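Please look over the sequence and the model shown here before reading on. The paragraphs that follow lead from single residues outward to the helices around them, and then to the chain as a whole.

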Amino acid sequence: MSRKPTFTSFSETTAEDWATIFTEQAPLYTDLPNRIIDHLTLLKGDFAGFPIDRFDHCLQTATLAYEGGETEEYVVCALLHDIGDSLASLNHADLAATILQPFVSEQNHWMVKHHGIFQGYYFFHHIGLDRNMRDQFENDENYQQTAYFVEHYDNPAFNPNKKARPLEFFVPMVQRVFSAPKQSLYPVGVK
């Protein structure tokens with residue numbers, strides 16, 4: 001760092017301070033895809049009672065979406081839809097959606113954010129919840145896409161006999177999707 005800012009609160013900052021900060025933070029933006037992949041691999045070995053670990057579930061979901069002819073952005077959403085399981089066990093869909101939001105369409109963001117409620121259609125009745133909780137969104141334009149995602153890609157992706165594509169297959173897709181934000185509060189793009 002050529003110049004270290006000396007402020008002690010944001011109200012004391014200058015444009016020069018922020019130029020320095022954005023320059024210093026640039027590697028964070030360019031390395032984001034690698035950090036996301038690293039975090040996804042933390043799901044390896046985390047079975048949490050399921051027939052396959054959460055990592056393989058993510059790979060299977062992405063593989064099914066890829067084989068289903070979905071867009072690259074959609075496939076990346078499928079890959080990362082449960083990335084929040086280990087950090088946000090009670091609201092994992094929200095965490096995944098937050099990570100994806102600056103880089104994906106509103107439709108794909110909505111799908112990831114709400115997939116947990118839609119997945120509940122297949123098991124909520126077994127745990128004392130309303131399996132039709134997703135119906136609160138039946139008039140939303142993203143309802144059908146999310147129901148389809150869960151039915152065809154997320155729900156059937158717990159098969160110990162299903163061979164998924166390896167993570168390395170998806171890494172270039174993650175790198176491309178996270179190469180530049182579609183929307184961001186900050187005027188900093190990924191370089």
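**From His92 to the whole chain**

His92 is buried, with a relative accessible area of 18%, where buried means under 20% relative accessible area, exposed means over 50% and partly exposed lies in between, for a 1.4 Å probe and protein chains only. The model is a predicted one, in which local features need pLDDT of at least 70 and side-chain atom pairs count only at pLDDT 80 or more, while totals for chains, interfaces and linings use all residues. Residues are numbered from 1 along each chain as its sequence is written, and side-chain values use heavy atoms, with hydrogens and water left out.

His92 has its place in helix α5, helices being DSSP runs of H or I of at least four residues and strands runs of E of at least two, numbered from the N terminus. Leaving aside neighbours within four places in sequence, His92 is in contact with His81, Asp82, Gly84, Asp85 and His115, contact meaning heavy atoms within 4.5 Å. One of these partners, Gly84, is placed in the loop between α4 and α5 and is buried, with a relative accessible area of 0%. Not counting residues up to four places away in sequence, Gly84 touches Ser89, His92 and Leu95. The C-alpha atoms of Gly84 and Ala97 are separated by 9.0 Å, with the two residues 13 apart along the chain.

Ala97 also appears among the contacts of His109, which, apart from neighbours within four places in sequence, are Ala97, Gln101 and Val104. His109 is found in helix α6 and is buried, its relative accessible area being 8%.

How far apart are the end C-alpha atoms of helix α6? They are 20 Å apart, which agrees with the 20 Å that the 14 residues of α6 (residues 106-119) should span at 1.5 Å a residue, the expected span being 1.5 Å times one less than the number of residues. Helix α6 nevertheless has a kink of about 45 degrees, centred on Lys113; the bend at a residue is the angle between axes fitted to the seven residues ending there and the seven starting there. The buried residues of α6 include Trp110, Met111, Val112, His115 and Phe118, and what covers the buried residues of this helix includes α4 (72-80), α5 (92-100) and α7 (143-154). On the side of α7, the buried residues include Tyr143, Phe149, Val150 and Tyr153, and the buried residues of α7 pack against α3 (54-67), α4 and α6.

Another helix pair lies earlier in the sequence: helix α1 (residues 15-30) and helix α2 (residues 32-41) pack at an angle of about 50 degrees, with their axes 4 Å apart. That makes α1 oblique to α2. The meeting residues are Pro27, Leu28, Tyr29 and Thr30 in α1 and Leu32, Pro33 and Arg35 in α2.

For the protein chain as a whole, there are 8 helices and 0 strands. The C-alpha trace spans about 60 × 35 × 30 Å along its principal axes, and buried residues make up 40% of the 191 residues. Among contacts between residues at least 6 apart in sequence, 62% join residues at least 24 apart.

Note on methods
Axes fitted to C-alpha atoms, helices over the stretch in contact; angles between N-to-C directions. Parallel < 35°, antiparallel > 145°, perpendicular 65-115°, else oblique.
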